[in-house]
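Here are a few exercises to try with a protein model on your screen. Have a go at each task before you read its solution.

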Amino acid sequence: MAALQGKVPGVNIINSGTPGEGPKVTIRGMGSFGDTSPLYVVDGMFYDNINFLNNADIQEMSILKDASAAAIYGTRASNGVILITTKKGKTGKARINWNSSVGFQTVAKPNIAGAAEYKEVFNTRYTNDGLSSIWNDTGATTNPGGTDWWDTVVNKTALVQNHSLSVAGGSEQFVYNFSVGYYRNNSQFDVGYWDKINIRLNTEYTFNKYVKLGVDIA
């Protein structure tokens, strides 16, 4: 969902940057005082989020923004619907695919006052009010430059890696798609991370032109 930021009209996506937390998705603006999250439909099944999915397993994605989607999926679709179809096996020899990506997340450092600047503003406020400043200058001799708490707390670069391996193939009667994925997102703070392992098996057996059986295990 983070990859769709700014690309779909009428869909607002805000990424918190917290490892393991999905982006906040709002379709057609705020339509409720309660939960405004859309309904996710993955291969016909309803979900509240898609954190369990591996990006490489997604075949296509559609966003239903009209309120008429509620006529199909019920009241849970009042905030919009995101339809996702995962990859299926195809007739032919086994095909092996490997996808890997590595990137970094950063947090822009705000322009905040240093110790000396903050002291000046603090004391000026009391001077303008005709009062004596209550500034305690005890730390001026031990730490005259102050402490940059942003640099102390925030680890400004976080490694993000995503790897996936899939095997797909089959005959005219039986097709399959098996995939394994690993995702890790380090925190932008000094501690914390989130990682997940995805295993997905999709099979489909055609008995005849009238009967077809499919199994999807994740």
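Below you'll find four exercises, each with a worked solution.

Before you start: this is a predicted model, so local features need pLDDT of at least 70, side-chain atom pairs count only at pLDDT 80 or more, and totals for chains, interfaces and linings use all residues. Residues are numbered from 1 along each chain as its sequence is written, and side-chain values use heavy atoms, with hydrogens and water left out.

**Exercise 1. Find which residues make up the largest nonpolar core, and which strands each supply at least two of them.**

Step 1: Get the terms straight. A nonpolar core is a set of buried Ala, Val, Leu, Ile, Met, Phe, Trp, Tyr and Cys residues joined through side-chain atoms within 4.5 Å. Buried means under 20% relative accessible area, exposed means over 50%, and partly exposed is in between (1.4 Å probe, protein chains only).

Step 2: List the members. The largest core has eleven residues: Met1, Val11, Ile13, Val25, Ile27, Tyr40, Val42, Ile50, Leu53, Ile82 and Ile84.

Step 3: Match them to strands, which are DSSP runs of E with at least two residues, numbered from the N terminus. At least two core residues come from each of S1 (11-14), S2 (24-27), S3 (39-42) and S6 (81-86).

Step 4: Look beyond this core. Another one, of five residues, lies apart from it, and its members include Leu39, Val41, Ala77 and Val81. In soluble globular proteins, nonpolar side chains tend to be buried together.

**Exercise 2. Work out the strand order in the open sheet of five strands.**

Step 1: Two strands pair if DSSP finds at least two bridges between them. Following the pairs gives S7-S8-S9-S10-S11, with antiparallel pairing.

Step 2: Check the edges. S7 (92-106) and S11 (212-217) each have a single partner strand, so one side of each has no neighbour in the sheet.

**Exercise 3. How many bridges join S9 to S10, and how many join S10 to S11?**

Step 1: Take S9 (residues 174-186) and S10: 13 bridges join them. Tyrosine 183, for instance, stands opposite lysine 196 in S10.

Step 2: Inspect the turn. The hairpin of S9 and S10 has six residues between the strands, and glycine 192 there takes a positive phi near 100°.

Step 3: Move on to S10 (residues 193-206) and S11, which six bridges join. Here leucine 201 faces isoleucine 217 in S11, while threonine 206 has lysine 212 as its bridge partner. These two strands form a hairpin too, with five residues between them.

**Exercise 4. Trace which residues the salt bridges join to Asp43 in one network.**

Step 1: Use the rule: a salt bridge is a side-chain nitrogen of Lys or Arg within 4 Å of a carboxyl oxygen of Asp or Glu. The count comes to eight.

Step 2: Start with lysine 88 and aspartate 43, whose side chains meet at 3.3 Å, N to O. Lysine 88 sits in the loop between S6 and S7, and aspartate 43 in the loop between S3 and S4 (45-47), 45 residues apart.

Step 3: Next, arginine 200 and aspartate 216 meet at 3.2 Å, N to O. Arginine 200 is in S10 and aspartate 216 in S11, so this pair ties together parts 16 residues apart in sequence.

Step 4: Check the surroundings. Arginine 200 is buried at 10% relative accessible area, whereas aspartate 216 is partly exposed at 35%.

Step 5: Put it together. Salt bridges that share partners join Asp43, Lys88, Arg200 and Asp216 into one network.

Conventions: Helix = DSSP H or I, 4+ residues; strand = E, 2+ residues; numbered from the N terminus.
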